[in-house]
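Here are my notes on the model you sent. They are set out as numbered points, to be read with the structure open.

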Amino acid sequence: MAKKIEIYNKNSWLNLFHLKQNPIEYPSKVALSNNPIVSIKLPHNHVYVTDNPDCMHACLVSESTKFMKSEGNQILKTLVGHGIFTMEDGPDWVQDKKRIMPFFHKESFNTILNNFLKTSIEFENYFPPLQSKCNLDLLLKKYTLQSSSQALFGMDISKDYPYFINYLDSIMFTINQQYYSFLKLPLKAPFYPKFRKKLDYINYAIQDLMHDSLHSDRTNFAYHLLNSQNQNQLNQSLYIPSIKDEVMNMLIASFKTTSIAHIMVWVLLNKHPQVLKRVIQELEQVIGKENVEVQHLYRLKYCRAVILETLRLYPPAYNLVRKIKPNINEFFNYEVEPNALIILAIRGLHRNPKYWHKPLEFIPERFLDNEKKFNHEHIFIPFGLGQRTCLGAEFAMSQILAFLAVYATKYQFNIPPNFTPVFKPTISLNISNSIPCKIQLF
Ligand code: HEM
C-alpha cells in the first residue's frame, strides 16, 4: 500500500517565503531528513522535495511518464519558444531530438573541439594588461559566449551585440523570480518595457547571426538544422520548431550553466593551490611544450576530475522541477497529489553526507577512474538523468577544458584570498558579486 508523505512545515506562507528567498539552499535543507521525499505546503499548491537518488531516478527514468515539465517551463516557453529544451515529452520532442543529436556526434564533435581550441587561443587578445585589475566572472562569461557562439553560429555574437551577456543575465533573473514564485501568476515580465527591450535585443541579435551563419559555409548549429530540415526525413505532420526558437533554446540551456561552472572552476583552483599544482603537472606531462591539440584534451584526466568536482559542489542546475500529471496519485510507493510539483534537490544530493565522504570539501581525486566507485548509483547528476538528460555535457566540459589547457600553465589568475562568491538564483546558478582578479605570467 502506498505510504503517506511526511509534511516538513505546515506554514505555507513561511515555506513560500523561504523558497522564494533561497531556492538554492532551502530545498536541500528540507530534503535532509530521513525520508526519501518530504512535502512542503505552499499557499496554492503542494510541493514535494527529494534529495534521494532512487527517488530522483524514479522521477526522471523509471516512472518519468507520471511527470511533465513544470509551470516554470511554460514561462520559459513564452520567452524562448518551442524547442528541444522547452518541449514536453512526446513524439514532437523525439523527432526534434533526432534532428539535433547528430550535431553532437563524435564525427562532428572534433570540429567543435577544434573551434573551442581556436577560440581559447585567440581569446588572449581580450585579456586585460597584465597586473591590472579585471573581473574574472565577466572575462569567463565572455569566453563562454564567444566559444559557444563560434560553435553554434560559426561567429562571435558579442562582437556586434555588446550588451548580449548583460541583457541575457538580466532576463534570466526576471524569469527566475517568476519561475520560483510557485504561484499561478500570469507572466507579467514580457509586458514590462525594459524587459521587452532586452528580449527584443536578444531576439534581434540571434536572428541577425542566424542569417549570417546560414550563409557561411562553416559547420554550425543553425546550418545543421537547416540541412536536416531540407533532407525531408522529418515527419511533417509533427511539430518542427523554427530554427530561431531552437537556437534560443540551445543558448538558454548552455550559456549560463557552462559559464558559472567555468567561473567556479577558477575560484576553486585559487582556493586550492595544491589542486592547481596537480593540474599544471598534468598539463606539462600531456602537452609539454607542444601546441594544444584536440587529442590532448581526451587525455586530461585530472583536469576533467577538477571540473566534475566543481559540478558536484556547485551544480549549475541546482534543482530540477517536475509536475505530477493530473491523473497520477501514486509515485515511488507514496501517495501524491495530482498536479503537485516535485523539486529534485541536486545540490542537496551532491552534498549529502550519506553518499559523499567529506561532502563539503573540494577533492577532485574522487573522480579519478580508479577511485570512481561511488557507494550508490546516480548520486552525481549535474547533467540530469534519463531521456531529458543534457545534450551538451561533453560540449560544456570541453569548453572549460580547452581554456584550462591553453592557459593554466601560462598565466596565474589571482583572486584575493578573502573573496567569497555570493550566489543568486537564476534558473541556473549565478554569481552576484564580481570577482576581482589580476592576471600574471607564470
Ligand atoms: C555545465 C554545463 C551544463 C549543465 C550543468 C547542464 C545541465 C543540464 C540539465 C540538468 C539538463 C536536464 C534538465 C531537465 O531534465 O529538466 C539539461 C538539459 C539540456 N541541456 Fe544542458 N547543461 C549544461 C550545458 C549545456 C550545453 C553546453 C548545451 C548545448 C550546447 C546544453 C544543452 C541542453 C539541452 C538541449 C537540454 C535539453 C534536453 C532535452 O530536454 O531533451 N547544456 N542540461
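1. How many residues lie between strand 2 and strand 3 in the hairpin they form? There are 4. Please keep in mind throughout that this is a predicted model. The two strands of the hairpin pair in the antiparallel sense over 4 bridges, and Lys 41 stands opposite His 46 in strand 3.

2. Strand 2 (residues 38–41) also pairs with strand 1 (residues 6–9), here in the parallel sense and over 3 bridges. Asn 9 has Ile 40 of strand 2 as its bridge partner.

3. Strand 3 (residues 46–50) is paired with strand 9 as well, in the parallel sense over 4 bridges. In that pairing Thr 50 is matched with Leu 344. Strand 9 has a further pairing, antiparallel over 5 bridges, with strand 6 (residues 319–324); Lys 323 and Leu 341 are bridge partners there.

4. Is strand 9 (residues 341–345) buried or exposed? Of its 5 residues, 5 are buried, so the strand is largely enclosed by the rest of the structure. In a regular strand, side chains point alternately to the two faces of the sheet. Leu 341, Ile 343 and Ala 345 are buried on one side of strand 9, and Ile 342 and Leu 344 on the other, so that both faces are covered.

5. The largest nonpolar core has 115 residues; Val 49, Val 247, Val 265, Leu 401, Leu 404 and Ala 405 touch the most other members. Helix 12 gives the most to this core, with 17 residues. Nonpolar side chains tend to be buried together in soluble globular proteins. Leaving aside residues up to four places away in sequence, Leu 404 touches Val 279 and Cys 303.

6. Cys 303 is also one of the buried residues of helix 15, as are Arg 304, Glu 309 and Arg 312, among others. The cover over these buried residues includes helix 12, helix 13 (273–286), helix 16 (346–350) and helix 17. The length of helix 15 (residues 301–313) is as expected: at 1.5 Å a residue its 13 residues should span 18 Å, which agrees with the 19 Å between its end C-alpha atoms.

7. Around the ligand there are 21 residues, of which Ser 254, Thr 257, Gly 384, Cys 390 and Gly 392 come nearest. Helix 12 (243–271) and helix 17 (393–407) are the elements that give two or more residues to this shell. Helix 12 has the largest share, 6 residues. By type, the shell divides into 14 nonpolar, 5 polar and 2 charged residues.

Notes: Residues numbered from 1 in each chain as written. Predicted model: local features only at pLDDT ≥ 70, side-chain atom pairs only at ≥ 80, totals over all residues. Pairing = 2+ DSSP bridges. Near = placed C-beta within 6 Å. Nonpolar A, V, L, I, M, F, W, Y, C, P; charged D, E, K, R; others polar. Expected span 1.5 Å × (residues − 1). Buried ≥ 20, exposed ≤ 12 C-beta atoms within 10 Å, placed from the backbone. Contact = placed C-beta atoms within 7 Å. Core = buried A, V, L, I, M, F, W, Y, C linked by C-beta atoms within 7 Å.
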